[in-house]
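Student: I am new to this structure and would like a close look at a single part of it. Could you take me through the nonpolar core and what surrounds it?

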Amino acid sequence: MNSPQTAAPAPNEDSAPVPSPGAGPGPAPVATACDLELVIPAYNEEQRLAPTVLALAEHLRGMPLTAALRVVDNGSSDRTAECVDRLAASGIPVTVTGCSRRGKGAAVARGMVGTRARWVGFCDADLATPATAVDDAVALLRDGWQVVIGSRRCTGARIPVRQPALRRLGGAGFRLATRRFSGPVKDTQCGFKFFEAGAARRVFADVTTTGFAFDLEVIARARALGLSLTEFPVVWSDQEGSSFRPFADGRRVAGELWRLHRTMHRLPPRVVHHAHAAPSARAAGEAG
Ligand SMILES: Nc1nc2c(ncn2[C@@H]2O[C@H](COP(=O)(O)OP(=O)(O)O)[C@@H](O)[C@H]2O)c(=O)[nH]1
Ligand SMILES: [Mg+2]
């Protein structure tokens, strides 16, 4: 992930979300109280974000729940925040929140701890996993699972467009090096994870990894807390425009892993885990 060290802080850094135009006058709420809040970490995403927000909003509008989208932007140097403001007509509340700490992990944590929704999830700005997968995640949350993890590696998952070979190689090394944190979780790195909000607050309150390896710490902490956790298969396609720089970000990830190995060795794994074949990915797998 691109986790800039020196970019200027976002104007609304760590403030309450800026309501999109049309959200009405008066002070901004701390967060939208609704059934589901979806957090999108975004760094320099003026190109990829708008179609993602529109696709998610269209899908969420058709679901039998109330939902909101929150973009967390830490210091984009392009027009990411302005682009969100133009999406008010999507029919779902869309807010943009700043974050003083750099990195995807920091941005996701910012969205998770601030939520007032019943359930909260995050997905990438490039919508590598289609919006329809939200249905499966919500079905599992309704079943009572506290942590629901989109996975490219459990039965029924499909990857129509794979990552470049170098990323796949790095991913294999990452999985080998991180078994003791991931335990039974087959795919820690897919950017499509959902939580019962109280569980998210407990987990993310202590997450200190701000970069690409943050998912791993999230899973390790969820396991240590004894939260119920399930993986479900998703359809995932690599998208153009990745901000991940294999050498610079790869080195940073290695540093994060080293720190996790040193700091988290005492966390007891108390996970309640179940690999679940969710209906829509199964159907997509059968169709494809
Ligand atoms: N807020 C924030 N988001 C980031 C940062 N780095 C990456 N992201 C977001 O993380 C998501 C995944 O990034 P992407 O470049 O698609 O990485 P890839 O899919 O792993 O190749 C996207 O929504 C990015 O905008 C960051 O430093 N800050
Ligand atoms: Mg991507």
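Tutor: Happily; here is a walk through the core, a strand, and some aromatic rings. Please keep in mind that this is a predicted model.

Let's start with the largest nonpolar core, which has 40 residues. Those with the most contacts inside it are I40, L56, L60, L69, V134, F192 and F194. Many elements feed into this core: the strands β2 (36–42), β3 (67–73), β4 (94–98), β5 (119–123) and β8 (192–196), and the helices α1 (49–61), α2 (80–85) and α4 (133–142), each supply at least two residues. With six residues, α4 gives the most. As background, nonpolar side chains tend to be buried together in soluble globular proteins.

Now zoom in on F194. Setting aside neighbours within four places in sequence, F194 touches L36, L38, V120, G121, V134, A137, L141, Q146, V147 and V148. F194 also has an aromatic partner: the structure holds six aromatic pairs, and one of them joins F192 and F194 edge-to-face, with 5.1 Å centre to centre and 65° between the planes. Both of these phenylalanines are buried.

Next, follow β4, one of the strands that supply the core. Five of the five residues of β4 are buried, so this strand is largely enclosed by the rest of the structure. V94, V96 and G98 point one way from β4, while T95 and T97 point the other way. In general, side chains in a regular strand alternate between the two faces of the sheet. β4 pairs with β3 in the parallel sense over five bridges, and T97 in β4 is the bridge partner of V72. To get from β3 to β4 the chain passes through α2, making a right-handed β-α-β crossover.

Finally, look beyond this region. Another core, of 25 residues, lies apart from the largest one; among its members are M112, I219, A222 and L227. Elsewhere, ring pairs link F174, F212 and F244 into a cluster. Within that cluster, the rings of F212 and F244 have centres 5.0 Å apart and planes at 55°, so this pair is tilted. F212 sits in the loop between α7 (197–204) and α8 (214–224), and F244 in the loop between β10 (235–237) and α9 (246–263), so the pair ties together parts that are 32 residues apart in sequence. Both loop residues are buried, F212 with a relative accessible area of 15% and F244 at 12% relative accessibility.

Methods:
Residues numbered from 1 in each chain as written. Chains lettered and ligands numbered in written order. Predicted model: local features only at pLDDT ≥ 70, side-chain atom pairs only at ≥ 80, totals over all residues. Heavy atoms only, no water. Core = buried A, V, L, I, M, F, W, Y, C linked by side-chain atoms within 4.5 Å. Buried < 20%, exposed > 50% of the residue type's maximum accessible area, 1.4 Å probe, protein only. Helix = DSSP H or I, 4+ residues; strand = E, 2+ residues; numbered from the N terminus. Contact = heavy atoms within 4.5 Å. Pairing = 2+ DSSP bridges. Right-handed = clockwise from strand over helix to strand, strands pointing away. Phe/Tyr/Trp six-rings, centres within 6.5 Å; stacked < 30°, edge-to-face > 60°.
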